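Please find below my notes for our discussion, set out as numbered points. They are best read with the structure open alongside.

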Amino acid sequence: MKIKRFAEAKPYAAPNHYDVRGLRLQGFEEGGPQRFWVGLSHFLPGGGAGPDASPLEKIYVVVAGEITVRCAGDEAVLGALDSCHIGPGEPREIRNEGNAVASMLVIMPYPEKTS
């Protein structure tokens, strides 16, 4: 078992994100998860990411506030404890369209290693 306290979480910057602050809760460290990592993103009002696509699948779990997700012509507003899966290569855009900070867990596999 590896416990990481919230106070120990390190910030990270995600590409093509704006008005977002990310914290790495688990992963990218010795003794941590082997196949995936978990981040916590805080989206300021008007903050978001994309539109873009990633070769890696991901899961979003909203823990507070609301996040609008647009993907392949579909749009959904996710509230607390709603989740969504974005497949590899699937274009997506996410945005906090409300006036309160929205927080979301992001669970993703590690990037493939290139030689």
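The points below take up one strand, its surroundings and its charged contacts.

1. This is a predicted model, in which local features need pLDDT of at least 70 and side-chain atom pairs count only at pLDDT 80 or more, while totals for chains, interfaces and linings use all residues. Residues are numbered from 1 along each chain as its sequence is written, and side-chain values use heavy atoms, with hydrogens and water left out.

2. Strand 5 covers residues 67-71, strands being DSSP runs (E, at least two residues) numbered from the N terminus. Five bridges join strand 5 to strand 6 (residues 74-78), and the two run antiparallel; strands are taken to pair if DSSP finds at least two bridges between them. Cys71 has Asp74 of strand 6 as its bridge partner, and in the hairpin, which has two residues between the strands, Ala72 takes a positive phi near 50°.

3. Thr68, which lies in strand 5, counts as buried because its relative accessibility is 3% (buried means under 20% relative accessible area, exposed over 50%, partly exposed in between, with a 1.4 Å probe and protein chains only). The side chain of Thr68 nevertheless makes a polar contact with the side chain of Glu97 at 3.3 Å (a pair of N or O atoms within 3.5 Å; within protein, one must be able to donate a hydrogen and the other to accept it, and residues adjacent in sequence count only if both atoms are side-chain atoms).

4. Arg70 meets two carboxylates in salt bridges, Glu75 at 2.9 Å and Glu97 at 2.4 Å, N to O (a side-chain nitrogen of Lys or Arg within 4 Å of a carboxyl oxygen of Asp or Glu). Glu97 lies in the loop between strand 8 and strand 9 and Arg70 in strand 5, so this pair ties together parts that are 27 residues apart in sequence. Through shared partners, salt bridges join Arg70, Glu75 and Glu97 into one network. Glu75 is exposed at 52% relative accessibility, whereas Arg70 is partly exposed at 24% and Glu97 partly exposed at 46%.

5. Which residue forms a salt bridge with Arg92? The partner is Asp52, with the closest N and O atoms 2.4 Å apart, and the pair links distant parts of the chain, Arg92 being in strand 8 (residues 92-95) and Asp52 in strand 3, 40 residues apart. Arg92 is buried, with a relative accessible area of 6%, while Asp52 is partly exposed at 26%.

How values were computed
Helices (H or I, at least four residues) and strands (E, at least two) are DSSP runs, numbered from the N terminus.
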